[in-house]
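Work through the exercises below with the sequence and the model open. Each task is followed by a solution in steps.

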Amino acid sequence: MARPRTAPRTVEHPAVAEVSLQQVLEALVDPVRRAVVSQLAGAGTEMSCGTFDVAVSRSTLTHHFNVLREAGLIRQYYVGTTKMNALRTDEMQERFPGLLTALVDASAREARHPAGR
């Protein structure tokens, strides 16, 4: 018996025009989510979910990906069974000019010179 055909997996994304600055800032307040955004920006390409260097469980990381996706910061899509993540750099730059660049730069500076040390 032949296997039934299934539709390709898709992930819903908000239009960036519908994303508020409040949503973006709330998503970026968490250090794990900032780390994900910084790693994507540093890579300059898509990354699979399992390749991020973060100290949280897979289920917790899935939650963080969902928050970032719902805030319009990342785009997720499947390549086979692997979920890929891409930073929506151009779209964010158009909606909130300079925000992602400033965030990534500030995160890198803070990593080199942590506050209180």
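**Exercise 1.** Which residue in β3 does Ser-48 stand opposite?

*Solution.* The model is predicted: local features need pLDDT of at least 70, side-chain atom pairs count only at pLDDT 80 or more, and totals for chains, interfaces and linings use all residues. Residues are numbered from 1 along each chain as its sequence is written, and side-chain values use heavy atoms, with hydrogens and water left out.

Step 1. Locate the elements; helices (H or I, at least four residues) and strands (E, at least two) are DSSP runs, numbered from the N terminus.
Step 2. β1 covers 47-48, and β3 covers residues 82-87.
Step 3. Ser-48 stands opposite Met-84 in β3.
Step 4. β1 and β3 run antiparallel and are joined by two bridges; two strands pair if DSSP finds at least two bridges between them.

**Exercise 2.** Establish the strand order of the sheet and describe the pairing of β2 with β3.

*Solution.*
Step 1. The open sheet has three strands in the order β1-β3-β2, with antiparallel pairing.
Step 2. β1 and β2 are the edge strands, each pairing on one side only.
Step 3. Six bridges join β2 (residues 74-79) to β3, and these strands run antiparallel.
Step 4. Within this pairing, Arg-75 is opposite Ala-86, and Gln-76 has Asn-85 as its bridge partner.
Step 5. Two residues separate β2 and β3 in a hairpin, and Gly-80 in the turn has a positive phi of about 65°.

**Exercise 3.** Describe how helix α2 is placed against helix α5 and the sheet.

*Solution.*
Step 1. Axes are lines fitted to C-alpha atoms, for helices over the stretch in contact, and angles run from 0 to 180 degrees between N-to-C directions.
Step 2. The axes of α2 (residues 31-43) and α5 (residues 99-112) come within 10 Å and cross at roughly 105°.
Step 3. α2 is therefore roughly perpendicular to α5; that class covers 65 to 115 degrees, while under 35 is roughly parallel, over 145 roughly antiparallel and the rest oblique.
Step 4. Contact means heavy atoms within 4.5 Å. Arg-34, Val-37, Ser-38 and Ala-41 of α2 meet Leu-100, Leu-103, Val-104, Ser-107 and Glu-110 of α5.
Step 5. α2 also lies across β1, β2 and β3, at about 80° to β3.

**Exercise 4.** Which residues touch the most other members of the largest nonpolar core?

*Solution.*
Step 1. A nonpolar core is a set of buried Ala, Val, Leu, Ile, Met, Phe, Trp, Tyr and Cys residues joined through side-chain atoms within 4.5 Å. Buried means under 20% relative accessible area, exposed over 50%, and partly exposed in between (1.4 Å probe, protein chains only).
Step 2. Val-37, Leu-68 and Leu-73 touch the most other members among the 23 residues of this core.
Step 3. α1 (21-28), α2, α3 (58-70) and α5 each give two or more residues to the core; α2 gives the most, with four.
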